[in-house]
Amino acid sequence: MPHPAPEAQVVDGGSASKPQRIIKLGKTTDDSDKKSTNRRVKDIELCVPIVYGTIAFYLGRKASESQSHKWTVYVRGATNEDLGAVIKHVVFQLHPSFNNPTRVVESPPFELSECGWGEFEIGISLFFHSDVCDKKLDLVHFLKLYPEDESGPQSTKKPVVMESYNEIVFPEPSECFFARVQNHPAVIVPRLPAGFSLPAPVENMNDKGRGDTKDHPLSQWFMNFSEADELLKLASARQQVQAHIVKLRRELSVIDGMPQPLKPAASYECI
């Protein structure tokens, strides 16, 4: 299980710089790779920026000894786009004291809400569609109910927000996956070489219009990462450089196949 990414705390819906972590998932290695319907796009990587976290509200006068806060744990796109084209379902592992502590959310938005009084680690497992990745991604998030500054009474209107940012990288994605998300706003897609074509997606999940969190009731409290635009630009530039490297490799492979003239040894060459 990967260690949790560095977390940034925001109280009262403030803003913070974005801690970045890149998680690269290995491609499928079973026989399904050999099927023509799941062929791989070589030398290409897809990047999916995600945010996972919790928002906790103090219940004030409605609070009891066992239920002092109402909180929501979630996984969302870094720009609040629908992640349903990539993630099939999410499993949240709560504290054993909760009824049915293993909760499965089958469709976006991937979230659940509960009430309680204690802080604890929540296990978050991401399961992907079969043409995306056959490995799950395990994350851990700490549920925080109380602000760092506890000098005064806790507000019932301003929540405690904890969020973490990750970039999930899928090397050599399947053609079906690539075709489905090539125009998806939640996925960073590299520029393809000229003349490269992909099969038409079997199901266009981009048009379903479900699962995004842009109009979510809690969206006003989502963390405003000050470096979001810059990091997305850097990720896009990284993909462009990778595409250029692929082009150079192909050109070199053509050159390597041609007869080469003998080169005189340089005077500084070590023998």
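Trainee: What share of the contacts in the protein chain with a separation of 6 or more comes from residues 24 or more positions apart?

Mentor: Good place to begin, and keep in mind that this is a predicted model. Contact here means heavy atoms within 4.5 Å. Among contacts with a separation of 6 or more, residues 24 or more positions apart account for 73%.

Trainee: Which elements make up the protein chain, and how many of each?

Mentor: Reading from the N terminus, the order is β-β-β-β-β-β-β-β-β-β-β-α-β-α. The count comes to 2 helices and 12 strands.

Trainee: In what order do the strands of the 4-stranded open sheet run?

Mentor: The pairing in this sheet is antiparallel. On average, neighbouring strands are turned by 20° against each other, direction ignored. The order is E7-E6-E9-E10.

Trainee: Why is one side of strand E7 and of strand E10 left without a neighbour in the sheet?

Mentor: Strands of a sheet pair through backbone hydrogen bonds. E7 (102–105) and E10 (137–142) each have a single partner strand, so one side of each has no neighbour in the sheet. The reason is their position: both stand at the edges.

Trainee: Which residue in E9 stands opposite Val-91?

Mentor: Let's take the strand pair before the residue. Strand E6 covers residues 87–93 and strand E9 residues 121–128, and the two pair in the antiparallel sense over 6 bridges. Opposite Val-91 stands Ser-125.

Trainee: And the surface: how much of the exposed area do carbon and sulfur atoms supply?

Mentor: Of the 271 residues, 44% count as buried, with under 20% relative accessible area as the cut-off. The chain exposes about 15200 Å², and the part supplied by carbon and sulfur atoms is 52%.

Notes
Residues are numbered from 1 along each chain as its sequence is written. This is a predicted model: local features need pLDDT of at least 70, side-chain atom pairs count only at pLDDT 80 or more; totals for chains, interfaces and linings use all residues. Side-chain values use heavy atoms; hydrogens and water are left out. Two strands pair if DSSP finds at least two bridges between them. Axes are lines fitted to C-alpha atoms, for helices over the stretch in contact, and angles run from 0 to 180 degrees between N-to-C directions. Buried means under 20% relative accessible area, exposed over 50%, partly exposed in between (1.4 Å probe, protein chains only). Accessible areas come from the Shrake-Rupley method with a 1.4 Å probe; for residues, only the protein chains shown count as cover.
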